[in-house]
Each structure stands twice: as structure tokens, then as C-alpha cells.
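Q: Could you take me through one part of this model up close, namely the pocket around the ligand and the strands that lead to it? I'd like one connected walk rather than a list.

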Amino acid sequence: MSLDAFINSLPKAELHLHIEGSLEPELMFELARRNKVEIPFDSVEAVRAAYDFSNLQDFLDIYYAGANVLQTEQDFHDLAYAYFQRAAADRVRHAEIFFDPQTHTDRGIPFQVVADGLLSGMKAAEADLDVSSQLILCFLRHLDEDAAFATLRKAEPWLDRIRGVGLDSSEVGHPPSKFKSVFAAAGSMGLKRVAHAGEEGPPEYVWEALDLLKIDRMDHGNRSMEDPKLVERLAKEGMTLTVCPLSNHKLCVVDDLKDHPVPEMLRQGLHVTLNSDDPAYFGGYVNENWRQLTAAVGLTREQLIGLAKNSFEGSFLTSAEKAAYIDEVEAYAAL
Ligand SMILES: Nc1ncnc2[nH]cnc12
Ligand SMILES: [Zn+2]
């Protein structure tokens, strides 16, 4: 069996996926029509042509504009369900998905519309497609900590259905320290904590995410590789990194996929997982990330099996659930 074919059916989890980043141009047009929202593009092709980014901010400007078409609970349901159909086709068995409530509440969409729509899409996907999932609420780091606290308060009635909090949006100039208190509050409510760190920001931001935000998992983490003491700590603590190869290439975090740090991360004992980040914008869902990275850097079958196991180990599932999924990986690898 070719490595591509092996990847395609390998059971895996996806741990770094912004649901708003799975909005395909076709669905964007359909929702714009359904909700009578203007979008600054004439065609699906024109939207795709605009996806040429030089950095994270370039992308975020387009990504936040695209989210304007999302208006109703049904829209959020459809968005989530469409992602899970793609994920199931990539043999994703479990996904922990981010959402950015402030992107919606700040333009007048109630938190309830967003959360209930996503949760209903997740429930339908579990029933129809046999993909389990959990929801992670991300705070937008370009906004202030008071706004993050207000969002956490809005989320209170849903906290039994939200697994954790995250931190995303423009990294440089918005260090983790800005959100120390709200992450402490989220932790005391029993929520898991994750944060984007070291995507564009320096290793100091990764240290802050560990020491001040007390994260359970790290999103990206690429620039940790510049600091040997940090790498040693991440390896010793068994910290899972949710790495996103095509995102890194599209946002110029790496110039060439051949130079991607995943092989070096694995050599240094880091718990790497491979994910798609914003697949509608970056040219591929999770298997495309696995395949293109494998072709570019030469990952072996054994490494791919390890990455699949890492994806379940690094999830927020129970130990029994993790073990059941890892058994699926082993059964598949033994075929
Ligand atoms: N790659 C990324 N980095 C930071 N914020 C994001 N929001 C959506 N995708 C993101
Ligand atoms: Zn991300």
C-alpha cells in the first residue's frame, strides 16, 4: 500500500481546527444568498484567488470578513456538519473544534445562536458519521481581557458542553500574559486550556503560555524550536503540539514545506500532531496536510502511526476513550 493510501484510512483525531476556517467559498455564497448578505466577490473562483497571504494578519482580515455570512443557528449547524463530512472522509474519528464567539457576538449574533448551532451540527455528525467531537471556545487576543471575561460569562449556561478555552487571532503584540486572569478563571471552572503560541510570536510567548496560562496543550509551537531549554521542557512534560503544516506554508511561517520543523520536533521527542487549522483557506483538510508533509519531508509509516496515536493521546477524551481509538489505529496498522 502506498503511504498516501495508508494515510487516507488511518484513524486519526483533529485537534486544531477553527470551524469558521472550514467555511468553503461555495457555502459562503449559499449563505450570503440565503441571508441576503453582500460579499465583496463575484464568484467562487474570485474568492479562492483572494486566498494568497503573506502573513497571519493578511489571512485574518479575509477570514473575519467571510464569517459575516453566518447569521442563524441553521448556518452554524450547516457549517459544522459540512466540516464533519470532510473529516469523516479523511477517517477523522474525533475532533476538538475551536470557535470564535466574539467574531459573531460583536456583530450582533447572540452567543446562543452560535453555540446551539454548532452543538447541533456536532450531535448530528456523531449520530450520522460516527465522529465524536468537543468544543473549545477561543478568545480573540487582539481584543482586551475584559472582553474575554464578558465572553466567558456569556458562555456560562453552555459550560457543560464546552470542553475548554483557547487563544487565537493576531499573535505578535498580544502576549499570553494579557489573558492570565481569564485563563485562571476558566481553569477554576474546570475548563481545559489551550493557546496559539509560537506561530509568529517568539519563544517567550510559549514560556508565558506554559507558566502564566497553564495550558494543557499548545497550538502550533513552531518557534519553540529556537530555544533548546524550551524544547527540553516541552518534551519532558509530554506537551502535545497541534502543528498545522499547510497553514504554516500558506502564512509564510515556513518558506517551503521541505523545511517544516516536524521531523526535528519528532527527533527531539516532542508530542506532535498534524492538523488543518483553517482548511477552506489553506488548501486542504487534514489528510492533505498529512500527505503533503509526508511527501515533502519523508515521514515513515512508523512515524505516521506515532502521529495518529499522538492525536488521540493529546485529545481531551477519557483514558478509556483514548485507548479504544488507539486500538483502532493498531488494528489498522496490523492489516
Ligand atoms: N492560524 C491561526 N492563528 C491565529 N488565529 C487564528 N484564527 C484562525 N486561524 C488562526
Ligand atoms: Zn489556529
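A: Let's start at the ligand. This is a predicted model, and in it the shell around ligand 1 divides into 2 nonpolar, 5 polar and 4 charged residues. By name, ligand 1 is surrounded by H18, G21, L56, Y63, D168, S169, H196, E199, S247, D277 and D278. Several of these give us a way into the fold, and D168 is a handy one to pick up.

D168 belongs to strand 4, which covers residues 164–168. How much of strand 4 is buried? The count is 5 of the 5 residues, so the strand is largely enclosed by the rest of the structure. Its side chains split by direction: G164, G166 and D168 point one way, V165 and L167 point the other, and all are buried. So whichever way you look out from strand 4, the residue pointing there has 20 or more other C-beta atoms within 10 Å of its own.

Now look at what flanks strand 4. Strand 3, residues 132–140, runs parallel to it and is joined to it by 5 bridges. One pairing you can pick out is L137 with V165. To get from strand 3 to strand 4 the chain goes by way of helix 8 (residues 145–155), and the three make a right-handed β-α-β unit.

The next step has a similar plan. Strand 4 also runs parallel to strand 5 (residues 192–197), with 2 bridges between them. V165 turns up again here, this time with R193 as its bridge partner in strand 5. Helix 9, residues 180–188, is the helix of this unit: together with strand 4 and strand 5 it makes a right-handed β-α-β unit. Strand 5 gets us back to the ligand as well, since residues 192–197 take in H196, one of the residues around ligand 1.

Back to the end of strand 4, then. S169 is found in the loop between strand 4 and helix 9, and S169 is among the residues surrounding ligand 1. Its backbone deserves a glance: phi is positive, about 85°, although S169 is not a glycine. Is S169 buried or exposed? S169 has 20 C-beta neighbours inside 10 Å, so it counts as buried, and 20 is exactly where the cut-off for that class sits.

K36 makes a nice foil for S169. K36 has a positive phi too, about 55°, and is likewise not a glycine. K36 sits in the loop between helix 2 (25–35) and helix 3 (44–49). With 7 other C-beta atoms within 10 Å, though, K36 is exposed, whereas S169 is buried.

On to another strand that leads to the ligand. Strand 7 (residues 240–243) and strand 8 pair in the parallel sense over 4 bridges, and T240 has H271 as its bridge partner in strand 8. In strand 8, H271 and T273 point one way, V272 and L274 point the other way, and all are buried.

What touches this pair of strands from elsewhere in the chain? N310 does: leaving out residues up to four places away in sequence, N310 touches T240, H271, V272 and T273. N310 sits in helix 16, residues 301–313, and is buried, with 23 other C-beta atoms within 10 Å. So the bridge partners T240 and H271 are both touched by N310.

Just past strand 8 we're at the ligand again. D278 lies in the loop between strand 8 (271–274) and helix 14 (279–282). UniProt places a "binding site" feature at D278, in an unreviewed entry, and in the model D278 is among the residues surrounding ligand 1. D278 has 25 other C-beta atoms within 10 Å, so it is buried. Which residues beyond four places in sequence is D278 in contact with? They are H18, G21, Y63 and S247, and each of those names appears in the shell around ligand 1 too.

To place the pocket in the chain as a whole: UniProt, again in an unreviewed entry, lists residues 11–331 as "domain: Adenosine deaminase". Over that range the chain is 50% helix and 15% strand, and the end C-alpha atoms are 10 Å apart.

Note on methods: Residues are numbered from 1 along each chain as its sequence is written. Chains are lettered from A and ligands numbered from 1 in the order in which they are written. This is a predicted model: local features need pLDDT of at least 70, side-chain atom pairs count only at pLDDT 80 or more; totals for chains, interfaces and linings use all residues. A residue is buried if 20 or more other C-beta atoms lie within 10 Å of its own, exposed if 12 or fewer, and partly exposed in between; C-beta atoms are placed from the backbone. Two strands pair if DSSP finds at least two bridges between them. A crossover is right-handed if, with the strands pointing away from the viewer, the path from the first strand over the helix to the second runs clockwise. A residue is near a molecule or strand if its C-beta atom, placed from the backbone, lies within 6 Å of it. Ala, Val, Leu, Ile, Met, Phe, Trp, Tyr, Cys and Pro count as nonpolar, Asp, Glu, Lys and Arg as charged, and the others, Gly among them, as polar. UniProt positions are given in the numbering used here, feature names are shortened, and annotations may be inferred rather than shown by experiment. Two residues are in contact if their C-beta atoms, placed from the backbone, lie within 7 Å.
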